[in-house]
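Please read this note with the model open beside you, and look up each residue as it is named. The points go from the whole chain to single residues.

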Amino acid sequence: MNPQSSSALDRRSFAKLAAVGGATTLLGQSAQAETIQATPAKANPIAISTYSFWRFRDNPTDRLSIEQCIDEAARMGFDAVEILHMQMFDEESPSRLQNLKRQALINGLDLCGFSTHQGFVSPDEDERKKNIDHTIRCMQLAHELGIPTMRVNTGRWGTSKDFDELMANRGIEPTLPGYTEEDGYGWVIDSFEKLLPAAEKYGVLMGLENHWGLGRTAEGVMRIVDAVDSPWLQVTMDTGNFLEDPYDRLEILAPKAVYVQAKTYYGGGLWYTLDLDYPRIGKLIRKHNYHGYVSLEFEGKAPWKEAIPKSLALLRSALDPTT
């Protein structure tokens, strides 16, 4: 055999080996891809709102501090904590904010949500401006705490005597004399548009909650979110704020949800009790590719030391993507 034919044979042998090796590589990549596709989706991280430990009780001994809530959340096995702004009791010094971040880190918890109150359903422009300024202040606090999303509300007409009367009327209240819901939507949409530059500046995504007022219905929430049409205003989906036929209404909100609050009612609810099907809700949010936080808002009469761990176990099981 001459050197030239030997060289040609070597090239042919190399080509065959390369082809075999390439096929093996492709088969390996294909198997790897199948393995990745077969891997179940990551379970939603479960947070707890500090509201769950407090629930606006008047007894000072029931008023756990946010620091105490963080410790309890870590002890019980939650992944994250949502802070109810009103529970800060105006103690908003920079040192406290940074210490809350430090405490969460040491406990292995995320600070994932900031639950705030504001109201834009008012014909008084100065009143709306006051609430806009308050909301911007809350954005600043969330930014300092490293919290990426904030629950916001439309506000209510204020024609109910108190929250107990509002709940007795299933969340429905009349408009102010001389005004219509169309007026209200205009005020709310204009207010959120004014908030967009601050939301982008501080990197805090607003999630409009289905939370009474013009947010009482899924259609009302989506009307506002769609009208503002900004990535900085999306939806906080509360599982417990639709008192009738919740699943169809949650389905409307789910595509825009950036945060989910999940209510439980062990011992009976403070104002009402809902028998929520959380496995069904878990399938609903997975259908819409929601992979974010699900934050517990315990709203029952049972002692929180018993009811909150039961609620966590319920959510862990119901939101397990392998079930």
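The numbered points below take up the overall make-up, one helix, two pockets and a few single residues.

1. The model is a predicted one, and that should be kept in mind throughout. In the protein, the secondary structure comes to 11 helices and 8 strands, and buried residues make up 46% of its 323 residues. Among the contacts with a separation of 6 or more, 78% are accounted for by residues 24 or more positions apart.

2. Helix 5 is a good element to begin with. It runs over residues 125-145, which is 21 residues, and from its first C-alpha to its last it reaches 30 Å, close to the 30 Å expected at 1.5 Å a residue. At the N-terminal end, D124 caps helix 5, with a side-chain oxygen 2.9 Å from the backbone nitrogen of D126. Just after the helix, G146 takes a positive phi of about 75°.

3. Which residues of helix 5 are buried? They are R128, N131, I132, T135, C138, M139, L141, A142 and L145. When you look at the spacing of such a list, it helps to recall that an α-helix has 3.6 residues a turn, so residues three or four places apart point the same way. The cover over the buried residues of helix 5 includes strand 2 (80-84), strand 3 (110-115), strand 4 (149-152) and strand 5 (205-209), together with helix 4 (94-106) and helix 7 (181-202).

4. T135, which is found in helix 5, serves as an example of these buried positions. T135 counts as buried because its relative accessibility is 0%, and the cut-off for buried is under 20%. Leaving aside neighbours within four places in sequence, T135 is in contact with Q118, F120, M150, V152 and L195. The C-alpha atoms of T135 and A198 are separated by 9.4 Å, although these two residues are 63 residues apart along the chain.

5. Q87 offers a buried example from a loop, since its place is between strand 2 and helix 4, and its relative accessible area is 0%. A polar atom of the Q87 side chain lies 3.5 Å from the backbone nitrogen of Y51. Beyond its neighbours within four places in sequence, Q87 is in contact with T50, Y51, W54, L64, I66 and C69.

6. The largest pocket has a volume of about 520 Å³. It is lined by 23 residues, of which F56, H117, F163, H211 and W212 are the closest to its centre. Sorted by class, this lining has 9 nonpolar, 7 polar and 7 charged residues.

7. The second largest pocket holds about 160 Å³ of space. Its lining consists of K263, T264, Y265, Y266, T273, L274, D275, L276, Y278 and L314, and by class that lining has 6 nonpolar, 2 polar and 2 charged residues.

8. Two residues deserve a check of their backbone angles. D229 has a positive phi of about 55° although it is not a glycine, and its place is in the loop between helix 8 (218-228) and strand 6 (233-238). D245, also not a glycine, has a positive phi near 45° and is found in the loop between strand 6 and helix 9 (246-253). Are D229 and D245 buried or exposed? D229 counts as exposed because its relative accessibility is 64%, and D245 counts as exposed because its value is 53%, where exposed means over 50%.

How values were computed:
Residues numbered from 1 in each chain as written. Predicted model: local features only at pLDDT ≥ 70, side-chain atom pairs only at ≥ 80, totals over all residues. Heavy atoms only, no water. Helix = DSSP H or I, 4+ residues; strand = E, 2+ residues; numbered from the N terminus. Expected span 1.5 Å × (residues − 1). Buried < 20%, exposed > 50% of the residue type's maximum accessible area, 1.4 Å probe, protein only. Contact = heavy atoms within 4.5 Å. Polar contact = N/O pair within 3.5 Å; in protein donor to acceptor, adjacent residues only side chain to side chain. 1 Å grid on protein atoms, 1.4 Å probe; cavity = no way out; pocket = protein on both sides within 12 Å on 5 of 7 lines; lining within 4 Å. Points joined across faces, edges and corners; volume = space filled by probe spheres on them. Nonpolar A, V, L, I, M, F, W, Y, C, P; charged D, E, K, R; others polar.
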